[in-house]
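Here are a few exercises to work through with the model open in your viewer. Try each task before reading its solution.

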Amino acid sequence: MATLQGKFIHANETLNNELNYIMQAYINFYGEDYKDYISSILKNLKIIWYDDTVQNKENFRDTIISSLSENTINECLKKYNQKCFSQSAYIDEIDVLVLPLSYDRTHIIHEINHKISCHITSLKPLQIISGVCVNIEKDGGIVSENSDLNEAINQKMTLEILDELKKLGLKIKYTPSWQEEIFPLINLFYELFKDSLKKVYITGDIDSLIKDVGIENYHKYSQMMFLKCFKLRRMIERGKKQFCLMMI
Ligand SMILES: [Zn+2]
């Protein structure tokens, strides 16, 4: 069985070897105009890898590995719940990607797309625009708006970026994800406003998207998405997915 170090070397090398392809796939998707922005984001990835084959996380520290300094990792662990480092994620506040050592490209592209679409607009109070999701610090916590809608849009984009990678000659194996359950609710919205959505991901200018959709329409749609996704999540948790899909 490969050691943690062995898996790390493999994942790191694979990413370095593929980085130019990945960069090109994002450029093909978002457009040549954003080449500089995309390259600068992809050349500055801070990654903590986690061993996604380990079920028992008792010795949690033995399941993560990174080229970041020991101090940086300890700082991150102090600041965040360890659970954040045992699943794929992009932690925007500290600009760290948490990626699976099994090198799951679907997860990797999804999380990098979160990084590309993350724009910190204010530090105090913290305000982050992440795609169409707006996170605002309030009373010591973070209030998120449109986070499910954003997850589904991000996953739609992920699948298209993976298609671009495929066109560039890379072998792609898709991993299904929970966000796909929301696709029926966003297919039309996504197709109609794809160009505006791409723009907002790169620039963080959410107002221009809202203007394109129409202020009233946008708020109605996000409200509807919030309620439907809330219901969907609750049903999935209760294991009544089939029933739930009939409801939405
Ligand atoms: Zn996500």
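**Exercise 1: two domains**

This predicted model has its protein chain split into domain 1 (1–116) and domain 2 (118–248). Find how far apart the domain centres are, and describe the side of domain 1 that touches domain 2.

*Solution.* Start with the centres: taken over C-alpha atoms, those of domain 1 and domain 2 are 21 Å apart. Next, count who takes part: domain 1 puts in 23 residues and domain 2 puts in 21 residues. Now see where the domain 1 residues sit: helix 1 (4–30) and helix 4 are the elements giving two or more residues to this side. Last, sort that side of domain 1 by character, and you get eleven nonpolar, seven polar and five charged residues.

**Exercise 2: a helix pair**

Work out whether helix 4 is parallel or oblique to helix 5, then list what makes the contact.

*Solution.* First grab the geometry: helix 4 (residues 105–116) and helix 5 (residues 147–167) pack at about 120°, and their axes are 9 Å apart. That angle lies outside the roughly perpendicular range of 65 to 115 and isn't over 145, so helix 4 is oblique to helix 5. For handedness, helix 4 makes a right-handed crossing with helix 5.

Then pick out the residues:

- Helix 4 brings Arg105, Thr106, Ile109, His110, Asn113 and His114.
- Helix 5 brings Asn154, Gln155, Met157, Thr158, Ile161 and Leu162.

Finally, tally this helix 4 and helix 5 contact by type: four nonpolar, seven polar and one charged.

Methods
Residues are numbered from 1 along each chain as its sequence is written. This is a predicted model: local features need pLDDT of at least 70, side-chain atom pairs count only at pLDDT 80 or more; totals for chains, interfaces and linings use all residues. Axes are lines fitted to C-alpha atoms, for helices over the stretch in contact, and angles run from 0 to 180 degrees between N-to-C directions. Helices (H or I, at least four residues) and strands (E, at least two) are DSSP runs, numbered from the N terminus. Angles under 35 degrees count as roughly parallel, over 145 as roughly antiparallel, 65 to 115 as roughly perpendicular and the rest as oblique. A crossing is left-handed if the near helix is turned anticlockwise from the far one by less than a right angle, and right-handed if clockwise. Two residues are in contact if their C-beta atoms, placed from the backbone, lie within 7 Å. Ala, Val, Leu, Ile, Met, Phe, Trp, Tyr, Cys and Pro count as nonpolar, Asp, Glu, Lys and Arg as charged, and the others, Gly among them, as polar. Domain bounds come from an automatic or database domain assignment.
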